[in-house]
Amino acid sequence: MKKRVFSFCIGHILFINAFSQSVDIWKIKADKIDPSNYYGITVANGMIGIVSSPEPFKVKDVVLAGAYDLYGRGRVSNFLKSFNLLNMYLEVDGQRIDAKTATGLNQELDMKHASFTTSFDYTDKASVSYSYYSLRHLPFTVLMDVSITAKKDIDITGASVMEAPDALKDVQNYYNEIDRPHVTISLLTSSAKSPTGKLLMCASNTFLFTEPHGQEPKVTHEMWDNNMHLMKFSKKIKAGETYHFSIACSSITSAHHDDPLNEAERMTIYAKLEGRARLVSFHNKAWDSLWQSDIVIEGDDQSQQDIHSMLYHLYSFTREGTALSPSPMGLSGLGYNGHVFWDTELWMFPAALVLHPEIAKSMLEYRFKRLDAAKRNAFSKGYKGAMFPWESAETGVEETPVWALSGPFEHHITACVGMAAWNYYCVTQDKNWLREKGWPILSATADFWASRVERNGPGKYEIKNVVAADEWAENIDNDAFTNAAAKTNLEDAAEAAKALGIVPDPDWLNVANNIPVLKLDNGVTREHGSYHGEGIKQADVNLLAYPLKQITDINQIKKDLDYYESRVPNQGTPAMTQAIFTLLYARLGDKEKAWHWFEDAYVPNLNPPFRVIAETKGGTNPYFSTGAGGVLQAVLMGFGGLDITAKGIIQVKSVLPGQWKSLTIKGVGPDRKTFSVK
């Protein structure tokens with residue numbers, strides 16, 4: 001362990017020197033951009049994610065939540081990319097700007113108001129800046145602002161290019177102009193079918209000019225091929241003048257609306273007639289409201305910036321009032337096919353729950369709407385109740401590729417969903433929700449476990465043949481986390497019944513009291529029935545102390561930590577495990593070990609130039625929102641001591657790292673309370 005800690009610390013120092021000479025706690029800046037070593041950062045509003053590119057006026061991906069179809073790997077549903085609706089080009093005196101001719105290129109993410117800005121110089125003729133927003137108050141609409149300052153008299157041509165991703169088919173392109181006495185609206189619109197033809201995806205955009213009506217530039221349309229068309233305008237700018245224009249874009253599918261083609265144009269027209277100033281104002285106000293729930297670290301600006309980035313991504317990948325739930329990579333791309341795993345309920349949900357219960361409610365609504373599919377899944381395996389799939393997409397059926405054994409065997413996901421439902425009630429105390437949504441989930445998941453156990457005598461209601469939370473352990477018996485999570489699920493269901501004045505099934509607690517949690521000869525909690533000390537992929541046993549609270553004895557928690565922290569390889573494992581070590585050590589009062597594991601949870605996983613988190617150390621698949629969710633819990637429930645109980649959120653004893661002067665958590669729970677640790 002000493003050798004590992006030393007090598008990590010050297011890497012950390014080099015990383016900090018490379019990336020953070022001066023740290024802004026709200027802005028992540030990149031002024032040395034290497035396109036060959038560039039990992040984009042996402043601007044998103046919980047529905048549309050826009051991933052940045054090192055190329056001027058380009059974006060890497062546009063990802064639309066809730067839009068899936070069958071294509072690509074694994075014969076299962078995959079996230080669909082939307083039309084690349086923010087790509088554009090700019091010509092100055094007939095020459096198109098590209099990466100080679102843009103000098104002094106800088107990029108910056110403003111996390112406070114969720115905008116991404118690129119600025120550069122073009123020869124000795126102009127300075128250019130553009131920003132884009134995934135508008136928080138308009139879930140299907142994005143905005144790009146462009147500003148050009150002329151150093152000489154110049155002629156510019158700006159074009160908005162609509163391009164269809166390769167997976168879409170039967171692309172149709174449209175161009176319309178709507179003339180009114182007070183406005184002219186040019187609409188560049190495209191539609192296409194998803195790979196199997198199941199969905200219709202549509203996008204539309206328009207220019208927003210600053211000139212009075214009648215004086216704005218003339219817009220023309222060009223059709224290049226079936227997959228790409230554009231609209232453009234030209235303008236003369238005098239030396240010293242700055243010219244502004246914007247592009248508003250909307251994208252929606254038949255998964256979201258019954259008439260997506262017309263709705264895409266209607267939403268774009270709405271944005272046009274709201275105007276740039278009102279759009280940005282409402283967007284900023286929506287983000288100001290989100291940031292009323294914040295984590296404030298005094299004394300360590302780099303940790304503060306990193307925690308803001310994790311919160312920013314959690315907020316960006318989710319939104320209130322939906323029945324959507326984030327995948328491990330959120331809206332940062334097509335990672336894990338956009339599927340929903342335990343990553344949501346166990347890793348991302350708790351931070352959302354304590355800071356924005358209304359967002360957590362959306363995640364649970366996703367599961368509630370797929371409860372019938374979970375019941376059919378249980379039936380097909382010979383069980384009662386509801387068995388949630390390991391990978392879920394649009395319909396709630398099992399979406400794990402057949403070559404991955406986690407699909408039919410990683411059953412602990414069902415307990416994770418049940419626990420999330422109970423914790424939502426604990427935080428909100430919303431009995432109407434518990435009765436209408438929570439109880440159906442909790443009772444059905446408890447029924448599943450009562451039928452899932454094999455009753456082999458007192459203390460031996462065993463759960464056999466599962467994939468463990470440590471996924472390197474396949475088709476084993478009595479996995480510690482699975483068994484303890486099932487026990488927690490059954491106990492929570494019984495408590496929910498009491499809260500509603502319902503008599504719980506007496507078999508639930510009978511089963512809970514007889515599910516075994518095994519031990520090794522040395523007294524350490526045994527990961528599973530055939531475990532003999534081998535390396536582990538990710539936390540399993542240590543989750544019994546938190547979040548399950550099935551192990552509460554301090555000596556046992558320490559013993560399990562000491563044993564399993566030495567069995568996590570330094571490479572190739574996901575980022576969540578170290579966050580649990582951090583949380584437990586903070587609660588145990590060991591600030592040195594808590595700080596070591598806090599850094600180890602994410603710093604080696606950061607990629608340039610925006611410190612985006614990959615799933616593993618040295619990994620290249622950001623943004624790993626699951627890992628961020630684990631670190632946020634380490635701060636909120638570890639260093640911050642927040643604890644979810646049947647009567648709401650309380651604060652338990654914990655310690656801060658020596659590098660931090662104080663920790664303040666604002667806007668906690670429905671009452672928006674503030675908790676502090678000095």
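**Helix packing, backbone exceptions and cavities**

Trainee: Let's begin with helix 6 and helix 10 in this predicted model. Is helix 6 oblique or roughly parallel to helix 10?

Mentor: Happy to start there! The axes of helix 6 (residues 357-368) and helix 10 (residues 431-452) come within 10 Å and cross at roughly 55 degrees. Angles under 35 degrees count as roughly parallel and 65 to 115 as roughly perpendicular. The crossing fits neither range, so helix 6 is, relative to helix 10, oblique.

Trainee: How many nonpolar, polar and charged residues are in the contact of helix 6 with helix 10?

Mentor: Helix 6 passes helix 10 in a left-handed crossing. On the helix 6 side you will find K361, L364, E365 and F368, which meet W433, E436, K437, P440 and I441 of helix 10. Sorted by class, the residues of this contact come to 5 nonpolar, no polar and 4 charged.

Trainee: Helix 7 packs with helix 10 as well. Are helix 7 and helix 10 roughly parallel or roughly perpendicular to each other?

Mentor: Helix 7 (residues 371-380) lies with its axis 11 Å from that of helix 10, and the angle between the two is about 10 degrees. The cut-off to keep in mind is 35 degrees, under which angles count as roughly parallel. Helix 7 and helix 10 are therefore roughly parallel.

Trainee: Which residues of helix 10 make the contact with helix 7, and what is the class make-up?

Mentor: Helix 7 brings L371, K375 and A378, while helix 10 brings P440, I441, A444 and F448. P440 and I441 are also among the helix 10 residues that meet helix 6. By class, the contact of helix 7 with helix 10 has 6 nonpolar, no polar and 1 charged residues.

Trainee: Now for helix 5 and helix 9. Is helix 5 roughly parallel or oblique to helix 9?

Mentor: Helix 5 (residues 342-355) and helix 9 (residues 412-428) have axes 8 Å apart and pack at an angle of about 15 degrees. That angle makes helix 5, relative to helix 9, roughly parallel.

Trainee: What is the handedness of that crossing, and how many nonpolar, polar and charged residues does the contact have?

Mentor: Helix 5 passes helix 9 in a left-handed crossing. W342, E345, L346, F349 and L353 of helix 5 touch helix 9 through H412, I413, C416, V417, M419, A420, N423, Y424 and V427. The classes in the contact of helix 5 with helix 9 are 11 nonpolar, 2 polar and 1 charged.

Trainee: On to the backbone. Which residue that is not a glycine has a positive phi of about 50 degrees?

Mentor: Most residues other than glycine have a negative phi. The residue you want is found in the loop between strand 8 (102-110) and strand 9 (115-122). With a positive phi of about 50 degrees, it is A114.

Trainee: Which residues does the cis peptide bond with omega of about 5 degrees join?

Mentor: Most peptide bonds are trans. One cis bond runs from P608 to P609, with omega near 0 degrees, and P609 is in the loop between strand 22 (606-607) and strand 23 (612-613). Another ends in the loop between strand 23 and helix 16 (625-639). With omega of about 5 degrees, that bond joins P622 and Y623.

Trainee: Last one: how many nonpolar, polar and charged residues line the largest cavity?

Mentor: There are 4 cavities of 30 Å³ or more, and the largest holds about 40 Å³ of space. Its lining includes N570, Q571, D600 and K617. The lining of the largest cavity divides into 3 nonpolar, 7 polar and 2 charged.

Methods:
Residues numbered from 1 in each chain as written. Predicted model: local features only at pLDDT ≥ 70, side-chain atom pairs only at ≥ 80, totals over all residues. Heavy atoms only, no water. 1 Å grid on protein atoms, 1.4 Å probe; cavity = no way out; pocket = protein on both sides within 12 Å on 5 of 7 lines; lining within 4 Å. Points joined across faces, edges and corners; volume = space filled by probe spheres on them. Nonpolar A, V, L, I, M, F, W, Y, C, P; charged D, E, K, R; others polar. Axes fitted to C-alpha atoms, helices over the stretch in contact; angles between N-to-C directions. Helix = DSSP H or I, 4+ residues; strand = E, 2+ residues; numbered from the N terminus. Parallel < 35°, antiparallel > 145°, perpendicular 65-115°, else oblique. Left-handed = near helix turned anticlockwise from the far one by under 90°. Contact = heavy atoms within 4.5 Å.
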